[in-house]
Amino acid sequence: MIEAGFPSGQPVTLAKDKTSLTVTPDAKGTRKVLRVMNHGVALPVLEFLGKWIEHIGKPGTVVTVTVQPGKIRICSPQVK
């Protein structure tokens, strides 16, 4: 995520449509990439409430996550 422009503390904007959620860096964004420690290693983490991801599938649904520079997209199984 860091190489794609999503280091810890980076403000982001979330946008959803019928089958996906897209996260983009945005200096004016109200949400931020979190910093979580795992065995002494700092990791960038995105956390979403149900209202942002419930349209993608139920708990346990396998989704597609695409990470590219300046964009993270999470898609439901219906999107190929």
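This is a tour of a predicted model, stop by stop, with a selection to make at each one.

**The whole chain**

Start with the whole protein shown as a cartoon. There are 7 strands and 1 helix to find. Followed from the N terminus, the elements come in the order β-β-β-β-β-α-β-β. The radius of gyration is 13 Å, close to the 12 Å that the globule rule gives for 80 residues, so the protein is as compact as a globular protein of that length. The C-alpha trace spans about 35 × 30 × 20 Å along its principal axes. If you colour by accessibility, buried residues make up 25% of the 80 residues. Of the contacts with a separation of 6 or more, 47% are between residues 24 or more positions apart.

**The five-stranded sheet**

Select E3, E1, E2, E7 and E6. These 5 strands form an open sheet in that order, with antiparallel pairing. Strands of a sheet pair through backbone hydrogen bonds, either parallel or antiparallel. Which strands are at the edges? Strand E3 (31–32) and strand E6 (64–68) are the edge strands, and each of them pairs on one side only.

Now keep E2 and E7 in view. The two run antiparallel and are joined by 4 bridges. To find the register, select Leu21, which stands opposite Ile74 in E7.

**Ser20, in strand E2**

Stay on E2 and select Ser20, which lies in this strand. Is Ser20 buried or exposed? Ser20 counts as buried, because its relative accessibility is 1%, and the cut-off for buried is under 20%. Show what surrounds Ser20: beyond its neighbours within four places in sequence, Ser20 is in contact with Ala15, His55, Ile56, Arg73, Ile74 and Cys75.

**The nonpolar core**

Next, show side chains for Ala4, Phe6, Val12, Leu14, Leu21, Val23, Val33, Leu46, Trp52, Ile56, Ile72 and Ile74. These 12 residues are the largest nonpolar core. At least two of the core residues come from each of strand E1 (11–16), strand E2 (20–25) and strand E7 (71–75). In soluble globular proteins, nonpolar side chains tend to be buried together.

Centre on Val23, one of the core residues. Which residues does Val23 touch, apart from those up to four places away in sequence? They are Phe6, Val12, Thr13, Leu14, Leu46, Phe48, Gly70, Lys71 and Ile72.

Move on to Trp52, another member of the core. Add Lys16 to the view: Lys16 lies over the face of the Trp52 ring, 5.8 Å from the ring centre. There is no need to look for aromatic pairs, as a search of the whole structure finds 0 of them.

**The E4–E5 hairpin**

Select strand E4 (residues 34–38) and strand E5 (residues 41–45). The two run antiparallel, with 5 bridges joining them. Within this pair, Arg35 stands opposite Pro44 in E5. E4 and E5 form a hairpin with 2 residues between them.

Zoom in on His39, in the loop between E4 and E5. What is to be noted about the phi of His39? Phi is near 55 degrees, a positive value in a residue other than glycine. Most residues other than glycine have a negative phi, and most peptide bonds are trans. His39 is exposed, because its relative accessible area is 79%, and exposed means over 50%.

Go back along the hairpin to Leu34, in strand E4. Leu34 is partly exposed, with a relative accessible area of 34%. Show Ser8 as well. Leu34 and Ser8 are 26 residues apart along the chain, while their C-alpha atoms are separated by 5.3 Å. Ser8 is among the residues that Leu34 touches outside the range of four places in sequence, together with Leu43, Pro44, Val45 and Glu47.

**The segment after E7**

For the last stop, select Pro77, in the segment after E7. Pro77 counts as partly exposed, at 39% relative accessibility. Draw a distance from its C-alpha to that of Thr19. The two residues are 58 residues apart in sequence and 8.5 Å apart in space. Not counting residues up to four places away in sequence, Pro77 touches Ile56, Thr61 and Val62. Ile56 also belongs to the nonpolar core and is in contact with Ser20.

Notes
Residues numbered from 1 in each chain as written. Predicted model: local features only at pLDDT ≥ 70, side-chain atom pairs only at ≥ 80, totals over all residues. Heavy atoms only, no water. Core = buried A, V, L, I, M, F, W, Y, C linked by side-chain atoms within 4.5 Å. Buried < 20%, exposed > 50% of the residue type's maximum accessible area, 1.4 Å probe, protein only. Contact = heavy atoms within 4.5 Å. Phe/Tyr/Trp six-rings, centres within 6.5 Å; stacked < 30°, edge-to-face > 60°. Lys NZ or Arg CZ within 6 Å of the ring centre and 35° of its normal. Pairing = 2+ DSSP bridges. Rg over C-alpha atoms; globule rule 2.2 N^0.38 Å.
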